[in-house]
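Biologist: I should like to take a close look at a single part of this model, namely one place where two helices pack together. Please explain how they are arranged, and then set that part beside other parts of the chain.

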Amino acid sequence: MTRGIRLSVMAALVAAVPAAASVTAAAPPAAAQGKPAAAVVLTQITPQVPKRADTLQISGYISNTGETEVGPLTVHLERALSPFTERSTFDAFADGTQDHTTIAVEGSQVELNGTVGPGDLDPFRLRVPLASLHLGQRGSYALKVVAEGRNVRTETRTFLPWVPNPREVKPTRVVLLWPLVERPVRGQDGIFTDDRLASLLAPKGRLAGLVAAGAGEPVSWVVDPDLLESAEAMSNGYRVRSADGVAGGSGAQVAKSWLEQLRAGAAGKPVLALPYADADVGALAKAKRRSDIAAATSVAAETLERLLPGQKVTPLAWPSSGFADDATITALRRAGYALTVLSEDAIPPTSQLTFTPTGVATVSTQDGTLDGLLADRVLSDVLAADTRRPGVGALMVQRLVAETAMITEERPNRQRTVLIAPPKRWNPGSEIARQLVAAYTNTPWIKPTAVDGLAASPGDVSRQQPVYPKDAQRAEISQRYVAAVARLAKGVAAFSGVLTDSTDLVSSYRSTLLRAESSAWANGRGKVTVAGTSYLAGLRRGLDSQRDKVRILSRGTVTLSSKSGTIPVTIANDLEQPVTVQLALRARVSSRLHIDNPPPFRVEAKSRETVEVKASAVANGIVIVDAVLTNPRGERIGPVSRFNVRATNFGRVGFYIIGGAIALLFISIVFRLGRRHMRRAPPGGTAVPDQPTTPRVGV
């Protein structure tokens, strides 16, 4: 009989198990052609900081990932004979690329009764007194949890830190960034593009879990001001656009609660402010959009000053790739940034090291120095693992504790500071986030440290100049996309120039354009996500809908009945305010039609205005004329309108011809009347009547 726990969602779960094990465990045998296959999934390891008198408990389950039943199985624990001496081998053991000699721990074996059918789970718990492991030297040891049975052997790898007397070492100072970042969801009209934030801010949502786990703890809050502003907008009532139209959003109350919890949880703690909407500073610097970086900085400061009053806020740049070229570093310093998060590989040591150095480096620019806060690549990658996969969360927490013990043991008497930077849009899950914070705050060889403590730390190694790999730009939004945003910004500036009061337009697009430049739109392959493209398209439509309200109505053909005349052009203004526009007409063939464009003129709100544009024709025929509206500065605000101008050039010459013809007709009539009179009265005699003419008939 099968001894297993059948789950209704087992198909999806089993598919994920092998991938989960590969994070810090050897991959299980492939389940091909009916061969038995299983995976060991760990759910809990206690205590994380063991002492001599403790009992090590490891809980988990066996998952049958094959097509046939497996078992009976036994599960036992194996440990390395000595601790790791290098972090490189530590990492290689974790990802399965390098093995480590281990021995079975006496008394750790547990037998599982019966077999495990395909898609079934069989739980287990190992209980081993620490004394049975016979640990001697201080450090981090390799552990394997092994399941064996007929034709099956599978294992999961993890670590056990052994620091029996933590007072013998100087704890490593660790800065743990705690990012609250999400992609933008508000358009220029304040309407949300979707209602996803409502679920993220709800009690079981990603952002709610992060706030709950970090509240009151010594984590380093990193916030996107746009996210907080969006939550505020939601709490005041908001609307969401969908395929069915615009309707009220569902997350007002959860947004209000989330903001209150964040304010309470971060009270008295330093807060690090990303550029507004996490604008992609690397891509903007390459595009020479330094003014946008400066705007993202100032809008971020203004937003948090309003939403987190009295809170200490420090600007922080965090390029998505973890690297920054010279243009980016210079742009950041000019925008007022003194701190930036980079990968440790961005400013590498000048020589190979046998220890983990303090993660800080100072970069000099023409405008001053910039402190590079260098994130530990391995630990940051560990926290980036997908905890939705079975067993990953427990291994992640254990890895954090063991790896920091390894770092501390490298130089136990010299304190160093390391930075852990999980992904900005991190999703560890609320329970794993809570466990990570507990491990961070309760591990005796970890000393929680704020960012300013790292920035003030002296560098302990010589470092190279910043490097920027060729593939780093793939983590940024594309330059083509940045150029498209720049064109939209130019259109907004031009249209604002016609408005009597442009405050609302400029204010709404000031923030919206920064959202369009968010790093959230990068797809990691040097391009932009579908969501980013859609967001920008929505902003274009919003601007076009406003510009279309100020337009040229005239169409068709206009006839000039003389050499010079006027072309009537009607302008419509459907806005709620007056506008001042300039009309620019241009003949396609300027040599045939000269146009005298009028000066700027005012069109009242909700009205029409017809302007007579002077023109003179050089030749007869039809000339195509392009007409555009511009602001008084000459910047175009709308599409080109086209109509035809027919020039007849009939004027004065025509009148001369008509006058001459009438004169000739008059002379002809007078002449004929005179001749008739002469026939009736010959000179010196009486008038002779006209004689009838007798027709001649030929014979």
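**An oblique pair of helices**

Modeller: In this predicted model, helix 5 and helix 8 lie oblique to each other, because the angle between them is neither under 35 degrees, nor over 145, nor from 65 to 115. Helix 5 covers residues 225-235 and helix 8 covers residues 290-307; they pack at an angle of about 45°, and their axes are 9 Å apart. Their crossing is left-handed. On the side of helix 5, the contact is made by Pro225, Leu228, Glu229 and Glu232. Helix 8 contributes Ala300, Thr303, Leu304, Arg306 and Leu307. Sorted by class, the residues of this contact are five nonpolar, one polar and three charged.

A second pair of helices may be set beside this one. Helix 15 (residues 503-516) packs against helix 16 (residues 530-547) at an angle of about 155°, with the axes 10 Å apart. Since an angle over 145 degrees counts as roughly antiparallel, helix 15 is roughly antiparallel to helix 16. Helix 15 also passes helix 16 in a left-handed crossing. From helix 15, the residues Tyr509, Thr512, Arg515 and Ala516 take part in the contact. From helix 16, the residues are Tyr535, Leu536, Leu539, Gly542 and Leu543. This contact has six nonpolar, two polar and one charged residues.

The strands are considered next. Strands of a sheet pair through backbone hydrogen bonds, and the pairing may be parallel or antiparallel. One open sheet consists of four strands in the order 21-23-27-25, and its pairing is antiparallel. Its edges are strand 21 (550-552) and strand 25 (593-596), each of which pairs on one side only. From one strand to the next, the twist averages 35°. Three bridges link strand 21 to strand 23 (residues 564-573) in the antiparallel sense. Val550 has Asn573 of strand 23 standing opposite.

Another open sheet has five strands in the order 22-29-28-24-26, and here the pairing is mixed. Strand 22 (557-560) and strand 26 (601-603) form its edges, each pairing on one side only. The twist in this sheet averages 40° from one strand to the next. Strand 22 runs parallel to strand 29 (residues 641-647), and four bridges join them. Within strand 29, Asn644 is the bridge partner of Thr557.

Notes:
Residues are numbered from 1 along each chain as its sequence is written. This is a predicted model: local features need pLDDT of at least 70, side-chain atom pairs count only at pLDDT 80 or more; totals for chains, interfaces and linings use all residues. Side-chain values use heavy atoms; hydrogens and water are left out. Two strands pair if DSSP finds at least two bridges between them. Helices (H or I, at least four residues) and strands (E, at least two) are DSSP runs, numbered from the N terminus. Axes are lines fitted to C-alpha atoms, for helices over the stretch in contact, and angles run from 0 to 180 degrees between N-to-C directions. A crossing is left-handed if the near helix is turned anticlockwise from the far one by less than a right angle, and right-handed if clockwise. Contact means heavy atoms within 4.5 Å. Ala, Val, Leu, Ile, Met, Phe, Trp, Tyr, Cys and Pro count as nonpolar, Asp, Glu, Lys and Arg as charged, and the others, Gly among them, as polar.
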